[in-house]
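Q: Please take a close look at one helix end in this chain and the residues around it. Then work outward and show how that part fits into the rest.
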Amino acid sequence: MMLVVHIWANQLDNWVVVNGHILWEYLGKVSEPVAFFLFLGGYGLYCVREKGDKHRYSRLFRLYIHYWIILFLFSTVAVLLKNPAVYPINVSDVFLNYSSIHISWNPVCQFLLPYVLLSLLYPVLFKLLDRFGVVFVGIATFVLYGIAGSLYGKYGDMLFWEIPERFFFYLCPFMWGACLKKADVINKISLKRSVATLLFIVLLVIYSVLHSTLFTPFYVLAFVVLFVKLPRPKLLDWVLSKIGDHSMNMWFIHAWFCFILLKDELYSLRYPVVVLIVVLVMSYISSIIINAITKPMENKLFKQ
């Protein structure tokens, strides 16, 4: 989804036009990768919590190891191949980027620190969910989401405002994912596949036309519930599973290709689908290489 958004951001030509807008623009609008990531993160951590989470800290440390290795390798290549002035080497920039407090070298990773904070605090957050219930928590986090979003428009450039703003903005989809699991909505809703397919198409059309950040949590919630109910070929689930194994690495990696290292070369291909496939393949292969580098470190640091 993030790849679709960033490829659309460059507004390539030679694509189907619908009502005066390129089709890729509509696809970009319905992607909402950060919201989906946080929603599924909340859902997944609630599942983990039910089983007992013995790897909370090591899981986050692994995440940072991958982030640091990717940042180091790709920023080094960028400095060597591109203008070194793009990545000024000073203590402040190095600290802010490697700590993820303010990621200026690869801004698509700005979600990282707020997500880590949510992951660290999820035991407390889920206790509040158990105490106050799905409805109250759902409404309360949505209110905070609206407030944080409106304030970001006024103070978004203030460095240390970014962290609490993004935390409370991301809290809503994260907790809504946990609410979905706690309420067991997916198992309780029974839909015929034909009905689920129709509703899914209607949802995509409506959200692409009436796109608004205010509606994003509702859209993501409905999307996840309906997608699970859709008839899906096994091949699609297999492909999604394989990509999912590398999704975080690919998130960290793809923007280096799209915006920095190979921007002109990639977009000379002109066709969005072609660019998407090329970036997907390069990011996937790069992720395999990154895993090969990090695996020995992880084996030493996290001996079972």
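A: Start at Gly-52, which follows helix H3 and has a positive phi, near 100°. Keep in mind that this is a predicted model.

Now the helix itself. H3 covers residues 33-51, 19 residues in total. From its first C-alpha to its last, H3 reaches 27 Å. That is close to the 27 Å expected at 1.5 Å a residue. Its buried residues are Pro-33, Ala-35, Phe-36, Phe-37, Leu-38, Phe-39, Gly-41, Gly-42, Leu-45 and Tyr-46.

Look next at the other end. Glu-32 sits in the loop between helix H2 (23-29) and H3. Its phi is near 45°, a positive value in a residue other than glycine. Glu-32 counts as buried because its relative accessible area is 17%, and the cut-off is under 20%. Ser-100 also has a positive phi, about 70°, although it is not a glycine. Ser-100 lies in the loop between helix H5 (91-99) and helix H6 (112-155). Ser-100 is buried, with a relative accessible area of 2%.

What does H3 pack against? One partner is Phe-126, which touches Gly-42, Leu-45, Tyr-46 and Arg-49. Of these, Gly-42, Leu-45 and Tyr-46 are among the buried residues of H3. Phe-126 also touches Phe-174, Met-175 and Ala-178. These contacts leave out residues up to four places away in sequence. Phe-126 belongs to the largest nonpolar core, which has 77 residues. Within that core, Phe-126, Phe-252 and Trp-256 touch the most other members. In soluble globular proteins, nonpolar side chains tend to be buried together.

Next, the charged pairs. Just past Gly-52, Asp-53 forms a salt bridge with Arg-59. Their closest N and O atoms are 2.8 Å apart. Asp-53 is partly exposed because its relative accessibility is 22%. Arg-59, at 30%, is partly exposed too.

A second bridge joins Lys-182 and Asp-130, with 3.2 Å from N to O. This pair links distant parts of the chain, with Lys-182 in helix H7 (residues 162-183) and Asp-130 in helix H6. The two residues are 52 apart in sequence. Lys-182 is partly exposed at 33% relative accessible area. Asp-130 is partly exposed at 34%.

A third bridge connects the side chains of Asp-237 and Arg-232, at 2.8 Å from N to O. Asp-237 has a relative accessible area of 31%, so it is partly exposed. Arg-232, at 27%, is also partly exposed. Salt bridges that share partners bring Arg-49, Asp-130 and Lys-182 into one network. Arg-49 also touches Phe-126. The count of salt bridges comes to five.

Move on to helix H14. H14 spans residues 272-301 and contains Asn-291. Asn-291 touches His-66, His-246 and Asn-249, leaving out residues up to four places away in sequence. Asn-291 and Ile-69 are 222 residues apart in sequence, yet their C-alpha atoms are 9.9 Å apart in space. Asn-291 is partly exposed because its relative accessible area is 24%.

A nonpolar patch lies on the surface. It covers about 1,000 Å². Its members include Phe-61, Trp-68, Phe-72 and Leu-73. Val-273, Ile-277, Val-281 and Ile-285 belong to it as well. So do Ile-289, Ile-293, Met-297 and Leu-301. The elements that give two or more residues to the patch are helix H4 (56-81) and H14. H14 gives the most, with eight residues. Leu-301, in helix H14, is exposed because its relative accessible area is 51%, and the cut-off is over 50%.

Last, the whole chain. It has 14 helices and two strands. Buried residues make up 42% of its 304 residues. Among contacts between residues at least 6 apart in sequence, 78% join residues at least 24 apart. The accessible surface comes to about 16,300 Å². Carbon and sulfur atoms account for 69% of it.

Note on methods. Residues numbered from 1 in each chain as written. Predicted model: local features only at pLDDT ≥ 70, side-chain atom pairs only at ≥ 80, totals over all residues. Heavy atoms only, no water. Core = buried A, V, L, I, M, F, W, Y, C linked by side-chain atoms within 4.5 Å. Buried < 20%, exposed > 50% of the residue type's maximum accessible area, 1.4 Å probe, protein only. Contact = heavy atoms within 4.5 Å. Helix = DSSP H or I, 4+ residues; strand = E, 2+ residues; numbered from the N terminus. Expected span 1.5 Å × (residues − 1). Areas by Shrake-Rupley, 256 points an atom, 1.4 Å probe, with all protein chains shown as cover. Patch = residues over 30% accessible without salt bridge, like charges linked within 9 Å, V, L, I, M, F, W, Y side chains within 5 Å. Salt bridge = Lys/Arg side-chain N within 4 Å of Asp/Glu carboxyl O.
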